[in-house]
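Ready for a few short exercises? Have a look at the structure below, then work through each task before you read its solution.

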Amino acid sequence: MDEIKHLISKELQDFESKFSDAVKSHVPLLDRIMHYIVKRKGKQIRPMFVLLSAKLFNNNIEESTYRAAALVELLHTATLVHDDVVDDANERRGFFSINALWKNKIAVLVGDYLLSKGLLLSVNNNEFRSLKILSEAVKEMSEGELLQIEKTRKLNIKEDIYFEIIRRKTASLLASACSAGAWSTTNDDEITEKMRLFGEKVGVAFQIKDDLFDYGTDKIGKPTGIDIREKKMTLPLIYTLEHATPETRRYIINIVKNHNTDKDRVAEVIELVKKSGGIEYTRDKMFQYRDEALAILHSFPENDIRAGLETLVRYTTDRTF
């Protein structure tokens, strides 16, 4: 990550300053919350994808690229704030969530504020293509969440539905980051679509990696089995159920439905998934999507930025947290 950040160190520094300005308000409470959010930013993977996708085609990026990166980060942060309310989560990235510190009502309004700031950032600068790209992503994310909720109730998710959920819920935002970045420096429909597809495939691989963490495939220092406790049907479990005997299948579904808070029972499911080959199958799928993304990337001329993007893609599947 340090190697990639060095490649766009000035742009990232400029982005951080512009993002801080973008979230300012005239309400002291909001400013305190925005300061809290900015100071506890994550790895900034999405803004990095925006900046690199823009510089891939024009090394001298302009304000429109920074606005695209800010728009992506505003919408991403808004969805995280709203997700914590929906999930009744008290922590985000090891810190207290907004709803834990300021309660649900304020958290929902903060999420709305972030969404509106993102919309106005585009509208006020007549950047309607970026707004369309990101609005489409928010729609996809909402549909993906609702599709997952609907299917989780019956635990009847098949592999094709799983990929549809993560494509909408997770990959759509990364796809929009890459396409908005590309559009900001090219205004080229064909390039923008190729970068959208590139980002989508990276996003799918990214989510599969997150799903693998739940089975303790890396020493990440966090509890395993969280997805099972939340009755989330991820690819390792889906594969196991599709290849299990009817008796084993009923046994696993009974645990997920009725004993998902029992640590020992959840550990049993994790062990059954590992023995079934579900982890290996899922890893293979993750690398397939990663390699498909890299094939798209390699269709563009080789340079330092392309190499940086490739490193970032590989980071999404090699990371240990």
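**Exercise 1.** How are α5 and α7 oriented to each other: roughly parallel or roughly antiparallel?

*Solution.* Keep in mind that this is a predicted model. Start by finding the helices: α5 covers residues 63-87 and α7 covers residues 128-154. Next, take the angle: their axes cross at roughly 20° and come within 10 Å. Angles under 35 degrees count as roughly parallel. So α5 and α7 are roughly parallel to each other. As for the hand, their crossing is right-handed.

**Exercise 2.** Find which residues of α5 and α7 make the contact, and sort them by class.

*Solution.* On the α5 side, look for L71, V72, L75, T79 and D83. On the α7 side, pick out S130, L131, L134, V138, M141 and E145. Sorting them gives seven nonpolar, two polar and two charged residues.

**Exercise 3.** Do the same for helices α11 and α12, starting with the axes.

*Solution.* Helix α11 spans residues 235-243, and helix α12 spans residues 246-258. Their axes come within 9 Å and cross at roughly 145°. Then list the partners: L237, T240 and L241 from α11 meet R249, I252, I253 and V256 from α12. By class, that makes five nonpolar, one polar and one charged.

**Exercise 4.** Step back to the whole chain: which radius of gyration would a compact globule with 321 residues have, and which does the protein chain have?

*Solution.* For 321 residues, a compact globule would come out near 20 Å. The protein chain has 20 Å, so the two agree. Of its residues, 50% count as buried. The chain holds 15 helices and two strands.

Methods: Residues numbered from 1 in each chain as written. Predicted model: local features only at pLDDT ≥ 70, side-chain atom pairs only at ≥ 80, totals over all residues. Heavy atoms only, no water. Axes fitted to C-alpha atoms, helices over the stretch in contact; angles between N-to-C directions. Helix = DSSP H or I, 4+ residues; strand = E, 2+ residues; numbered from the N terminus. Contact = heavy atoms within 4.5 Å. Nonpolar A, V, L, I, M, F, W, Y, C, P; charged D, E, K, R; others polar. Parallel < 35°, antiparallel > 145°, perpendicular 65-115°, else oblique. Left-handed = near helix turned anticlockwise from the far one by under 90°. Rg over C-alpha atoms; globule rule 2.2 N^0.38 Å. Buried < 20%, exposed > 50% of the residue type's maximum accessible area, 1.4 Å probe, protein only.
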